[in-house]
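User: I am in my first year and would like to take a close look at one part of this model, namely the place where two of its helices meet, together with whatever surrounds that place. Please explain each term as you go.

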Amino acid sequence: MKFFSLFILFSVALASCSDLSKGEQLEKIEQLNKTVDSIQTVLIENKIDEIDELSIEAESVVSRIKENLNSDTLDLKLAKNIDKYMIMFRSIGNLKTFYSQIKKNSKIEKITLIKLERDVDNGNGDRKKYNHYISFETKNVNYLNKNLKKYVIERKKTIDTYLALHDKLFNYSFDLITK
């Protein structure tokens with residue numbers, strides 16, 4: 001009888017220990033949720049729509065220059081500007097893909113975190129692995145955050161290059177047609 005009582009007492013103590021870490025685990029998951037929410041907000045603030053508009057305008061300039069540039073010699077500064085502009089234009093496709101991946105992966109991560117939070121809160125699954133799951137999701141969120149930072153930097157670089165060179169090259173491309 002004493003052995004049975006000790007077994008029950010030990011089982012209750014062990015179960016309560018896992019419940020002690022439950023609050024901490026839920027807090028970590030909530031923080032990860034907030035981070036994913038922030039990632040999604042920053043992504044909304046840095047829409048790809050503006051890049052789509054730049055792409056259309058840049059494509060027409062690039063096309064006009066390619067079709068109408070007949071000279072085999074160019075001013076060095078102009079050639080460098082055209083090169084920068086072409087690099088910027090070619091990078092837009094990668095930027096769009098990057099945006100789509102971050103958007104998709106942030107949605108998936110949000111769903112995963114909601115499910116994990118529900119499991120921890122209800123005690124579903126293997127409780128011993130909760131910290132491992134939280135650690136894995138933390139790595140995923142950090143990876144998302146790192147990719148978001150890269151996207152924002154590349155997006156800004158693309159817009160800055162466009163703003164610095166578009167008007168000059170737009171006019172130059174039309175000058176090529178009129179000559």
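What is the crossing of helix 2 and helix 4, left-handed or right-handed?

Analyst: Helix 2 and helix 4 cross in a left-handed way; a crossing is left-handed if the near helix is turned anticlockwise from the far one by less than a right angle, and right-handed if clockwise. Before going further, please keep in mind that this is a predicted model, in which local features need pLDDT of at least 70 and side-chain atom pairs count only at pLDDT 80 or more, while totals for chains, interfaces and linings use all residues. Residues are numbered from 1 along each chain as its sequence is written, and side-chain values use heavy atoms, with hydrogens and water left out.

The setting is simple to describe, since the protein has four helices and zero strands, and from the N terminus on its elements run α-α-α-α. Here helices (H or I, at least four residues) and strands (E, at least two) are DSSP runs, numbered from the N terminus.

The axes of helix 2 and helix 4 come within 9 Å and cross at roughly 35°, where axes are lines fitted to C-alpha atoms, for helices over the stretch in contact, and angles run from 0 to 180 degrees between N-to-C directions. On the side of helix 2, the contact (heavy atoms within 4.5 Å) is made by E50, I51, L54, E57, V61, R64, I65 and N68, and the partners in helix 4 include R155, Y162, H166, L169, Y172 and I177. Sorted by class, the residues of this contact are 12 nonpolar, four polar and four charged; Ala, Val, Leu, Ile, Met, Phe, Trp, Tyr, Cys and Pro count as nonpolar, Asp, Glu, Lys and Arg as charged, and the others, Gly among them, as polar. One pair across these two helices can be followed by eye: S60, which lies in helix 2, is 113 residues from S173 in sequence, yet their C-alpha atoms are 9.1 Å apart in space. S60 is partly exposed, with a relative accessible area of 30%, where buried means under 20% relative accessible area, exposed over 50%, and partly exposed in between (1.4 Å probe, protein chains only).

Helix 2 also packs against helix 3, at an angle of about 140° and with the axes 10 Å apart. Helix 2 and helix 3 are therefore oblique to each other, since angles under 35 degrees count as roughly parallel, over 145 as roughly antiparallel, 65 to 115 as roughly perpendicular and the rest as oblique. This crossing, too, is left-handed, and the contact of helix 2 with helix 3 has 12 nonpolar, one polar and five charged residues. S55 in helix 2 is buried, with a relative accessible area of 12%, and, not counting residues up to four places away in sequence, S55 touches F89, I92 and K96.

The remaining side of the picture is the pair formed by helix 3 (residues 76-122) and helix 4 (residues 130-178), whose axes come within 7 Å and cross at roughly 155°. That angle makes helix 3 roughly antiparallel to helix 4. The contact between helix 3 and helix 4 holds 23 nonpolar, 10 polar and seven charged residues. Within helix 4, N147 counts as buried at 10% relative accessibility, and N147 touches F98 and I102 when residues up to four places away in sequence are not counted.

In soluble globular proteins, nonpolar side chains tend to be buried together. In this model the largest nonpolar core, a set of buried Ala, Val, Leu, Ile, Met, Phe, Trp, Tyr and Cys residues joined through side-chain atoms within 4.5 Å, has 37 residues, of which I51, I65, I82, Y85, Y151 and L169 touch the most other members. Two or more residues of this core come from each of helix 1 (2-45), helix 2 (49-68), helix 3 and helix 4. L169, leaving aside its neighbours within four places in sequence, is in contact with V61, I65, L78, N81, I82 and Y85. I82, placed in helix 3, counts as buried at 10% relative accessibility, and with the same kind of neighbours left aside I82 is in contact with I65, L74, L169 and Y172. The C-alpha atoms of I82 and H166 are separated by 9.7 Å, although their positions lie 84 residues apart along the chain when counted as a separation in sequence.
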